[in-house]
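Let's take a walk through this fold, helix by helix and then out into the loops. Keep the viewer open as you read.

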Amino acid sequence: MLRMTIDGNRLIREHSFFEEFSEKFGFPPEFCRDRESWVDCMSYLDDAEMGMSSVHCKPGGAVILEIVNASLLKHRSPTQYLTLLECAATVNYRRMESGDPPLLILSFTV
């Protein structure tokens with residue numbers, strides 16, 4: 001399993017949320033910095049041929065998103081906190097609907 005650490009302090013604003021993930025995961029230049037694009041890019045972390053990121057796990061594997069300072073994110077920016085939860089759930093739901101295993105595992109304390 002691949003583990004990626006994300007600082008919740010860097011996700012407080014909508015723009016910084018998408019920038020942080022784009023930088024950490026190496027999203028392509030055409031990444032639109034919105035929820036739909038985030039879900040698209042994160043849905044293919046186990047498929048390097050799709051070119052949606054520069055970070056990959058094994059096909060059928062999973063990525064642990066370890067969110068440090070998650071309690072600060074939750075209290076300072078509940079909208080971005082919910083964006084993270086909803087988008088990660090959407091990635092996993094999309095994958096399961098197509099018969100693939102879930103891809104994202106969230107790990108944090110609030």
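A crossing is called left-handed if the near helix is turned anticlockwise from the far one by less than a right angle, and right-handed if clockwise. Helices (H or I, at least four residues) and strands (E, at least two) are DSSP runs, numbered from the N terminus. What you're looking at is a predicted model, so local features need pLDDT of at least 70 and side-chain atom pairs count only at pLDDT 80 or more, while totals for chains, interfaces and linings use all residues. Residues are numbered from 1 along each chain as its sequence is written, and side-chain values use heavy atoms, with hydrogens and water left out.

Start with helix 1 (residues 14–25) and helix 4 (residues 78–97), whose axes come within 10 Å and cross at roughly 40°. Axes here are lines fitted to C-alpha atoms, for helices over the stretch in contact, and angles run from 0 to 180 degrees between N-to-C directions. On the scale used, angles under 35 degrees count as roughly parallel, over 145 as roughly antiparallel, 65 to 115 as roughly perpendicular and the rest as oblique. Helix 1 and helix 4 are therefore oblique to each other, and their crossing is right-handed. Who touches whom? On the helix 1 side you'll find Glu 14, Phe 17 and Phe 21, and they meet Gln 80, Thr 83 and Leu 84 in helix 4; contact means heavy atoms within 4.5 Å. Sorted by class, this contact has three nonpolar, two polar and one charged residues. For the classes, Ala, Val, Leu, Ile, Met, Phe, Trp, Tyr, Cys and Pro count as nonpolar, Asp, Glu, Lys and Arg as charged, and the others, Gly among them, as polar.

Now swing over to helix 2 (residues 35–42), which packs on helix 4 at an angle of about 45°, with the two axes 9 Å apart. This pair is therefore oblique as well, and the crossing of helix 2 and helix 4 is right-handed. Helix 2 brings Arg 35, Trp 38, Val 39, Asp 40 and Met 42 to the contact, while the helix 4 residues include Thr 83, Leu 84, Ala 88, Val 91 and Arg 94. By class, the contact of helix 2 with helix 4 has seven nonpolar, two polar and four charged residues.

While you're on helix 2, have a look at Ser 37, which sits in this helix. Ser 37 counts as buried, at 13% relative accessibility. Buried means under 20% relative accessible area, exposed over 50%, and partly exposed in between (1.4 Å probe, protein chains only). Leaving out residues up to four places away in sequence, Ser 37 touches Phe 31 and Cys 32.

Next, the inside. In soluble globular proteins, nonpolar side chains tend to be buried together. A nonpolar core is a set of buried Ala, Val, Leu, Ile, Met, Phe, Trp, Tyr and Cys residues joined through side-chain atoms within 4.5 Å. The largest one here has 30 residues, and those with the most contacts inside it are Phe 21, Phe 25, Trp 38, Met 42, Leu 65 and Leu 104. Strand 1 (2–7), helix 1, helix 2, strand 2 (63–68), helix 3 (70–76) and helix 4 are the elements that give two or more residues to this core. Helix 4 supplies the largest share, five residues. Leu 104 touches Trp 38, Met 42, Leu 45, Val 63, Leu 65, Ala 88, Val 91 and Asn 92, not counting residues up to four places away in sequence.

The loops are worth a stop too. Leu 11 belongs to the loop between strand 1 and helix 1, yet it is buried, with a relative accessible area of 0%. Beyond four places in sequence, its contacts include Ile 6, Phe 17, Phe 21, Leu 73 and Gln 80. The C-alpha atoms of Leu 11 and Ile 67 are separated by 9.9 Å, with their positions 56 residues apart along the chain.

Two loop residues have a positive phi without being glycine. Arg 33, in the loop between helix 1 and helix 2, has phi near 55° and is partly exposed at 31%. Asn 69, in the loop between strand 2 and helix 3, has a phi of about 60° and counts as partly exposed at 34% relative accessibility.

Finish in the loop between helix 2 and strand 2, where Lys 58 is found. Lys 58 counts as exposed, at 68% relative accessibility.
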